[in-house]
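I keep these notes as I go through one structure, writing down what I looked up and what I found. The entries begin with one pair of strands and move outwards from there.

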Amino acid sequence: MTKIALQFLGAARHVTGTKHLLEIGDTRVLLDCGLVQGPRHIADAQNRKLPIAGRDVDALVLSHAHIDHCGALPRLVKDGYDGTIWCTDATKDMLRMMLMDSAHIQSQDARQLRKRGHDFEPLYNSDDVERTLRLVRSVPYYQPFDVTPQLRVEFLDAGHILGAAIVVMDVDVGTKKRRIVFTGDHGRKNLPILRDPDRIPECDALITESTYGDRIHEQAVDMMAELARIIAEELHDGGRVVVPAFAVGRTQSVVLFLGQLMRDGHLPKLPIYVDSPMSREATRIMGKHPELFDAETQALLKSGHNPLFFDGVTYVADVEESKALNEVRTGVIISASGMCESGRVLHHLSQTVGRREDCVLMVGYQAHGTLGRRLLDGATSVNIYGEPHPVHCKVRSMQGFSAHADWRELMAATRHLAGRCKQVFVVHGEDDPAEAYAGRLRNAGFASVAVPSKFDRIEIA
Ligand SMILES: [Zn+2]
C-alpha cells in the first residue's frame, strides 16, 4: 500500500529554515525551502548543505515569500531541483524581490568578509535566482490544482503577509484519502492592510506553526498608544528611533501606524525614513494587489489617503542617501534586516547603539544568537561588522506588530478541529513555545500532538 509520510527537515523546534517533506509513496513534495537564519557559523553550514538533494524532490509548494520560507530555493535549484515551484500570484510577485535581495546581501557580505581576510562564497547569485524564478507557477487563492496525480492543493489566505497561504493538501492514493493542512505562518485578525486569516478546514493531519505558542500579543489599540509613547519619549530626549524590520509586512505596518498617529494629532509631524531599497518595491507590489486588502484599507485608499506614501515618509534608495542618515538626529529610521543580522540596519545600529538619547525599537521576532536578540537581552557591548560597540541606547520591544498569531489566536484558529484532526505536528517554534502550544492542543482534546525534531519522519495514519 502506498505510504504517506511527513519528514521535518527544517524549522523543527526552531523558527527558521522551514522545509517539510511530504512523501506519497516514492513521490516527494517539499513544503517551503527556507533559509536558516542566525549566527553565520551555524546558519551557513546548514544553508550550504541542504538536508535533501535537489534531484530527490519532485515538486515544491511554497507558503509565502518570507526568506525563512523561500530563501534556500535557489540553493536547491543550484543543487539540481528542476521541478515546479507552486505559490500564489502575490507570492510570485514578491519572490523575485526577496530572492534577488538575498543574493545581493550575500554578495555584499562576501565582499565585506573578504576585505577582512575571510573566504566566503555566497550560497547563490542572481543567475541562480533567475533559474529559480523560471520554475515558478502561480495559482490564485481558492483554486485547487494538481501538483502530482495523487496530490491536489488549494491555497487559502493565511493573513500573514501579502500572498501568504494556508496550504490544503488532498492526498488520494486510491486506497486512502487524507487531507493534510499546513498553516504556513499563521497571521492574525485585524492586522493592518491584510485580510484576516481564513478558517482552517477540516483535515486528518495539521502542520501548525508555533512561533508565539507561549505568548500573548498586545492589541492594536494598545500598540498605537505604546508606539506614540516611545516616539514621544525620544522626541523629548532629542534622539532618534531605529526600527529594524524586514521590508515586507512589518515595515508597512509601522509606517501605517505612524501615519495614523500623525493624522490623528497624537504625534507631531516627524520625518520617517524607510531605508531599504526593497521596501518601496514591496509597497509597489502591494499596490498591485488591492484585491487582497482588508475593507478598511480599501476604504482609506478610496478616500484618497495612501497609508504608505504620505508627506514625511522618505523611501531611501541609494547607499549615499542611506549614509547621509547619519546626520539625522531625530525621527524614525526603519531598516532591514529585522533580526539585525545583515543589511543597512547594521550601519544605523553602529551609529546608534552608543548614544544614550537614541532608541532601538524591536518590532519583530529576534531568534536566539542574533544581534537583535543580544540587544534585546541587554548586552552591554555588541559586535557590529566585527567591531565591538558599547551599548548605551535604549532598547524597546513591541511584539504586537507581529504578523504571527499568539497562542490564544492559534487556539482560536485550531480548536474546532479537536477530536477530528487525528495528527498534529507543531513546528516553527523554539522548544518552549512549541511544547507550550502542543500542551494546550492536548488539553483541548487533540489526541496525537507531536513536536518533531529535525529529520523526524512520521507516517500519516
Ligand atoms: Zn512568514
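Entry 1, a hairpin. I began with strand β9 (residues 165-172) and found that it pairs with β10 in the antiparallel sense, over six bridges. I noted one of the pairs by name: V171 has R178 in β10 as its bridge partner. The two strands, β9 and β10, form a hairpin with four residues between them, and in the turn I found G174 with a positive phi of about 85 degrees. I should add that I am working on a predicted model.

Entry 2, following the pairing onwards. I then asked which strand pairs with β10 in the parallel sense. Strand β10 (residues 177-182) and β11 pair in this way over three bridges. I looked up two of the partners in β11, and I found that I180 is matched with A205, while V181 is matched with L206. β11 also pairs with strand β20 (residues 423-427), again in the parallel sense, and here I counted five bridges. T208 has V426 in β20 as its bridge partner. I reminded myself that strands of a sheet pair through backbone hydrogen bonds, either parallel or antiparallel.

Entry 3, the surroundings of β11. Is β11 buried or exposed? Five of the five residues of this strand (residues 205-209) are buried, so I wrote down that β11 is largely enclosed by the rest of the structure. Both of its faces are covered, with A205, I207 and E209 buried on one side and L206 and T208 buried on the other.

Entry 4, a helix beside β11. In helix α13 (residues 407-414) I listed the buried residues as W407, L410, A413 and T414. They cover an arc of only 125 degrees around the axis, which puts them on the same side of α13. I then looked for what these buried residues of α13 pack against, and I found β11 and α14 (431-443).

Entry 5, an open sheet. I turned to a sheet of seven strands, which is open, has mixed pairing and follows the order β6-β5-β4-β3-β2-β1-β22. Its edge strands are β6 (136-139) and β22 (457-459), each of which pairs on one side only. Neighbouring strands of this sheet are turned by 25 degrees against each other on average, with direction ignored. I looked more carefully at strand β5 (residues 85-88), which runs parallel to β6 and is joined to it by four bridges. In this pair, C87 stands opposite S138 of β6. Helix α4 (residues 89-115) packs on the sheet, where it touches β5 and β6, and its direction makes about 110 degrees with that of β5.

Entry 6, two helices. I compared α4 with helix α8 (residues 277-288), and their axes come within 10 Å and cross at roughly 170 degrees. That makes α4 roughly antiparallel to α8, since angles over 145 degrees count as such. The contact is made by D93, M94, M97 and D101 of α4 together with M278, E281, A282, I285 and K288 of α8.

Entry 7, the whole chain. I ended with the overall picture, in which the protein chain has 14 helices and 22 strands. Its radius of gyration is 22 Å, close to the 23 Å that the globule rule gives for 461 residues, so the chain is as compact as a globular protein of that length. Of these 461 residues, 48% count as buried.

How values were computed:
Residues are numbered from 1 along each chain as its sequence is written. This is a predicted model: local features need pLDDT of at least 70, side-chain atom pairs count only at pLDDT 80 or more; totals for chains, interfaces and linings use all residues. Two strands pair if DSSP finds at least two bridges between them. Axes are lines fitted to C-alpha atoms, for helices over the stretch in contact, and angles run from 0 to 180 degrees between N-to-C directions. Two residues are in contact if their C-beta atoms, placed from the backbone, lie within 7 Å. The radius of gyration is taken over C-alpha atoms; the globule rule is 2.2 Å times the number of residues to the power 0.38. A residue is buried if 20 or more other C-beta atoms lie within 10 Å of its own, exposed if 12 or fewer, and partly exposed in between; C-beta atoms are placed from the backbone. The arc is that of the directions from the helix axis to the C-beta atoms. Angles under 35 degrees count as roughly parallel, over 145 as roughly antiparallel, 65 to 115 as roughly perpendicular and the rest as oblique.
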